[in-house]
Amino acid sequence: MTEEQFNSFCSTLPNTTYVIQWNGSHVWKIGGKVFNSAVWNKGKLSRITRKVSDIAYQVLRGQPGLRPAP
């Protein structure tokens, strides 16, 4: 996924706002709360952070390469 694809998709969701913060993270919010953010390093996706439900967290937490956000 490219920066353009990520931002294009997030921009289609209703009531979203966009800001770059935390040393260059592309951060998308709804109602002032973060639901999705991503970081690219030299054009390559480095990290995505997503807000998920408690059930989704339980399912995803054991997957390789995934970890909870700080």
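This passage describes the fold, the largest pocket, a nonpolar surface patch and two loop residues of a predicted model.

The protein contains two helices and four strands. Along the sequence these elements follow the order α-β-β-β-β-α, with the strands β1 and β2 spanning residues 16-21 and 25-30, and β3, β4 and α2 covering residues 33-41, 44-50 and 54-60. Taken along the principal axes, the C-alpha atoms fill a box of roughly 30 × 30 × 20 Å. The protein has 70 residues, of which 21% count as buried.

The largest pocket has a volume of about 800 Å³. Its lining comprises 22 residues, and those closest to the pocket centre are Ile48, Thr49, Arg50, Arg67 and Ala69. Three elements, β3, β4 and α2, each supply at least two residues of this lining. The most is given by β3, which contributes five residues. Sorted by class, the lining of the largest pocket consists of 12 nonpolar, five polar and five charged residues.

A nonpolar patch of about 540 Å² is present on the surface. The patch is made by Val52, Ile55, Tyr57, Val59, Leu60 and Leu66. Of these residues, Leu66 lies in the segment after α2. The relative accessibility of Leu66 is 46%, so this residue counts as partly exposed, a class that lies between the limits of 20% for buried and 50% for exposed residues.

Two residues were examined for their backbone conformation. Most residues other than glycine have a negative phi. Asn23 is not a glycine, yet has a positive phi of about 60 degrees. This residue is located in the loop between β1 and β2. Asn23 counts as exposed because its relative accessibility is 83%, and the cut-off for that class is over 50%.

Lys42 likewise is not a glycine and has a positive phi, in this case of about 55 degrees. Its position is in the loop between β3 and β4. With a relative accessibility of 84%, Lys42 therefore counts as exposed. Asn23 is thus placed in the loop that joins β1 to β2, and Lys42 in the loop that joins β3 to β4.

Conventions: Residues numbered from 1 in each chain as written. Predicted model: local features only at pLDDT ≥ 70, side-chain atom pairs only at ≥ 80, totals over all residues. Heavy atoms only, no water. 1 Å grid on protein atoms, 1.4 Å probe; cavity = no way out; pocket = protein on both sides within 12 Å on 5 of 7 lines; lining within 4 Å. Points joined across faces, edges and corners; volume = space filled by probe spheres on them. Nonpolar A, V, L, I, M, F, W, Y, C, P; charged D, E, K, R; others polar. Patch = residues over 30% accessible without salt bridge, like charges linked within 9 Å, V, L, I, M, F, W, Y side chains within 5 Å. Areas by Shrake-Rupley, 256 points an atom, 1.4 Å probe, with all protein chains shown as cover. Salt bridge = Lys/Arg side-chain N within 4 Å of Asp/Glu carboxyl O. Buried < 20%, exposed > 50% of the residue type's maximum accessible area, 1.4 Å probe, protein only.
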